[in-house]
Amino acid sequence: MKPSPLRLLPWTTPEGNPCYLSTDDGDSLLSRLADDIEGAQVESGEQVLAGARAVLGDRRAGERAVRFALVRTTEALQDVLRVAVSRGARLEAADC
């Protein structure tokens, strides 16, 4: 039997290192928690994108508002890219 690939989790260690899960049970408590957090991160990314678009569409928005929107957007993009990498790896493993 082929071992399951490690799943990249949607959080990091306090030092900023990636966390991985090794399990054959995609419905385990930790797997479901990771799924829920990934979903929340994608939803948050959608909200941050809407806010950033609003700031960029406001010609009177000052530097602080634009900078804040950019910082939040980069944080959300980082989270969503982690979700994409994790889900992509699981899709590739399922195709094998």
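**Note on the predicted model**

1. Setting aside residues within four places of it in sequence, Pro18 makes contact with Leu8, Thr12, Thr13 and Arg82. These contacts come from a predicted model, and the points below should be read with that in mind.

2. Among those partners, Arg82 deserves a second look in the structure above. Pro18 and Arg82 are separated by 64 residues in sequence, yet their C-alpha atoms are 9.6 Å apart in space.

3. As for its setting, Pro18 belongs to strand 2, which covers residues 18–21. With a relative accessible area of 40%, Pro18 is partly exposed, because this value falls between the 20% under which a residue counts as buried and the 50% over which a residue counts as exposed.

4. A useful residue to set beside it is Arg7, which is found in strand 1, a run covering residues 7–12. The relative accessible area of Arg7 is 7%, so this residue is buried, the cut-off for that word being under 20%.

5. What does Arg7 touch, not counting residues up to four places away in sequence? The list holds Cys19, Tyr20, Leu21, Ser31, Ala34, Asp35, Glu38, Ser86 and Arg90. One of these partners, Ser31, also offers its backbone oxygen, which the side chain of Arg7 reaches at 3.3 Å.

6. Turning to the protein as a whole, its secondary structure consists of two helices and two strands, and, when read along the sequence, these elements follow the pattern β-β-α-α. The radius of gyration is 17 Å, whereas the globule rule gives 12 Å for 96 residues, and the protein is therefore more spread out than a compact globule. Along the principal axes, the C-alpha trace spans about 60 × 30 × 20 Å.

7. How much of the protein is buried? Of the 96 residues, 19% are buried, and Arg7, discussed above, is one of the buried residues. The accessible surface of the protein comes to about 7200 Å², and carbon and sulfur atoms account for 58% of that surface.

8. On contacts across the sequence, if one takes those with a separation of 6 or more, then 53% of them join residues that are 24 or more positions apart. The pair Pro18 and Arg82, being in contact and 64 residues apart in sequence, can serve as an example to trace in the structure.

9. Finally, on charge, the protein carries 12 positive and 15 negative side chains, and the centres of these two sets lie 9 Å apart.

Notes:
Residues numbered from 1 in each chain as written. Predicted model: local features only at pLDDT ≥ 70, side-chain atom pairs only at ≥ 80, totals over all residues. Heavy atoms only, no water. Helix = DSSP H or I, 4+ residues; strand = E, 2+ residues; numbered from the N terminus. Buried < 20%, exposed > 50% of the residue type's maximum accessible area, 1.4 Å probe, protein only. Polar contact = N/O pair within 3.5 Å; in protein donor to acceptor, adjacent residues only side chain to side chain. Contact = heavy atoms within 4.5 Å. Rg over C-alpha atoms; globule rule 2.2 N^0.38 Å. Areas by Shrake-Rupley, 256 points an atom, 1.4 Å probe, with all protein chains shown as cover. Lys, Arg positive; Asp, Glu negative; His and termini not counted. Charge placed at Lys NZ, Arg CZ, Asp CG, Glu CD.
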